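Subject: Structure handover

Hi,

Here is the structure I promised to pass on. Please open it alongside this note; my findings follow.

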Amino acid sequence: MTSILFSDTADDCHAFGVNLCQFITDSPTAFHAAFLAEEELGKLGFRILLENEAWHSITQSGGYCVRRGGAFIAWHIPHETPEAIRIIGTHTDSPAFKVKPSVTSPAGKHHCHVDVEVYGGMIVNSWLNRELGLAGLLVDKDGNEHLVNTVEPMMVIPQLAIHLDRTQNDSLQLSRQQHMHPLVADKIVDADVMSTLAHSAGINKNDIAGMEIYSYDAQGPRRFGAGKTLLASGRQDNLLSVYSALCAMATMVSTFPSANAMRGETTHTTSTNEVKHTQQEGQAIPASTGSSIPTITMIIGFDHEEVGSQTRYGAAGPFLDSILMRLRTAFGWNDDDYQRLLSRSSCLSTDVVHAVNPNYQDKHDPSMHPFLGGGPAVKVNANQRYSTDAYGLHLWNRACQRANITSQHFVSHNDVTCGSTIAPMVATRYGITTIDAGAPLWSMHSAREISQISDSLLMSRLMKAYLIS
């Protein structure tokens, strides 16, 4: 893909949109998004670390990155001994269908089902009549990981014709087990799904020892509208935030060395869909946050947010804690040092925000209507489903002022329950100030969501301002 880098000029919305579309296309699953983030950060000179190896010299100033499955964490160490941490939190996963171990089953005399479970809180009817591809991760008998993607669509979930059920326009009832059962597009050619995936990985089907395979809408991202300012695509929740965070980190660093000159101690290649780790010596890039105190700046892409985050890749799991503990050990912080550092730290949790749908205005707060093109929005909730507090609003407004951005607010309608994000988990676990925010979005959790590209560009600039303010 093209570089994730972009400059901070007003003319970059087109370039930002082009690269954002490419990032989404190259990230059909959380695994792909995490691998791609790791790869792009490596090109910027971040040292790619493996958790099962000793981390030497991680107190040196510069960039570091660790990936765990479909999640990643990247951070910069300042020149001076850090006294605080600034975190931007995102998630890499989206609602989809996950392939069951049985993989396929007969569908009448002439067709074949792909056996799936529903992952996350999807809008199920939005997946009807769409060409679906399969992608994810295979692990072979030697424990090697392989990214896979069928590229071409393999499945479809056909909707029942109106002639056979004329009540559909009044009340569409869909059983996730019976009606949301994808059909293989061509039984003769593609019924052996595992062989197709193994071929994508460049291995034999009999060598597959484990798999996590998900569906995705094979219709790629598309910009549309006057000036192509709108974006229609799946997985914008939450790849919009992941991409914006990567861009913010990229533009924050003071230099951009070449990939060959400044590679980290580990790197990987995915040219054949196999993830290979090799040792390389190098120096991490220098960076200074510009903050009033020396600050570690960190971006995180957690996995499994859509299913509750209670996993080794999720925000409620041990991933962030393991990184913080290794940093604590490396810097020699005692309990008091560490607690004082946390008290000066904060997290900007960037998911997405419900933009007002003009056809359903009664579902939105009557006084606050975040809209597409209105810029990023900060989210508040009295019941702490979103964890923005007064001091968090102070940090948000300071970043907005620094970035010269006017933001919006999102508050739920009192009769409509809202979702939640990774922010309450981070706030509860570490006791740090946490802000909930994001770019506005239509059709959240559908197979194809809609945003305005300028909102994500502004979100990225605001993220950078937050990291350095």
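Start at Leu348. Beyond the four places in sequence on either side, Leu348 contacts Ile87, Ile88, Gly89 and Trp396. Its other contacts of this kind are Ile435, Ala437, Met459, Met463 and Tyr466. Keep in mind that this is a predicted model.

Leu348 belongs to the largest nonpolar core, which has 52 residues. Together with Ile88, Leu246, Ile299 and Trp396, Leu348 touches the most other members of that core. Several elements each supply at least two residues, including helices H1 (13-25), H2 (30-43), H8 (390-403) and H10 (453-468). Strands E3 (71-77), E17 (346-354) and E20 (433-441) do so too. Helix H5 (236-252) is also on that list. H5 gives the largest share, 11 residues. Apart from this core lies another one, of 35 residues. Val116, Met154, Ile157 and Met194 are among its members.

Next, the helix pair. H1 and H10 pack at an angle of about 95°, with their axes 9 Å apart. Angles of 65 to 115 degrees count as roughly perpendicular, so H1 and H10 are roughly perpendicular to each other. On the H1 side, the contact is made by Cys13, Phe16 and Gly17. They meet Ile453, Ser454, Ser456, Leu457 and Ser460 in H10. By class, this contact has 4 nonpolar, 4 polar and no charged residues.

Now the strands. An open sheet of 3 strands runs in the order E12-E13-E21, with antiparallel pairing. E12 (222-224) and E21 (449-452) stand at the edges with a single partner strand each, so one side of each has no neighbour in the sheet. The twist averages 30° from one strand to the next. E12 is joined to E13 (residues 230-233) by 3 bridges. Phe224 has Leu230 in E13 as its bridge partner. H5 comes back here: it lies across E13 and E21, at about 35° to E21.

Last, a hairpin. Strand E7 (residues 132-140) and E8 are antiparallel, with 5 bridges between them. Val139 stands opposite Glu145 in E8. The hairpin leaves 4 residues between the two strands. Gly143, in the turn, has a positive phi of about 85°. How many of the 5 residues of E8 (residues 145-149) are buried? The count is 4, so E8 is largely enclosed by the rest of the structure.

Best wishes

Conventions: Residues numbered from 1 in each chain as written. Predicted model: local features only at pLDDT ≥ 70, side-chain atom pairs only at ≥ 80, totals over all residues. Heavy atoms only, no water. Core = buried A, V, L, I, M, F, W, Y, C linked by side-chain atoms within 4.5 Å. Buried < 20%, exposed > 50% of the residue type's maximum accessible area, 1.4 Å probe, protein only. Contact = heavy atoms within 4.5 Å. Pairing = 2+ DSSP bridges. Axes fitted to C-alpha atoms, helices over the stretch in contact; angles between N-to-C directions. Parallel < 35°, antiparallel > 145°, perpendicular 65-115°, else oblique. Nonpolar A, V, L, I, M, F, W, Y, C, P; charged D, E, K, R; others polar.
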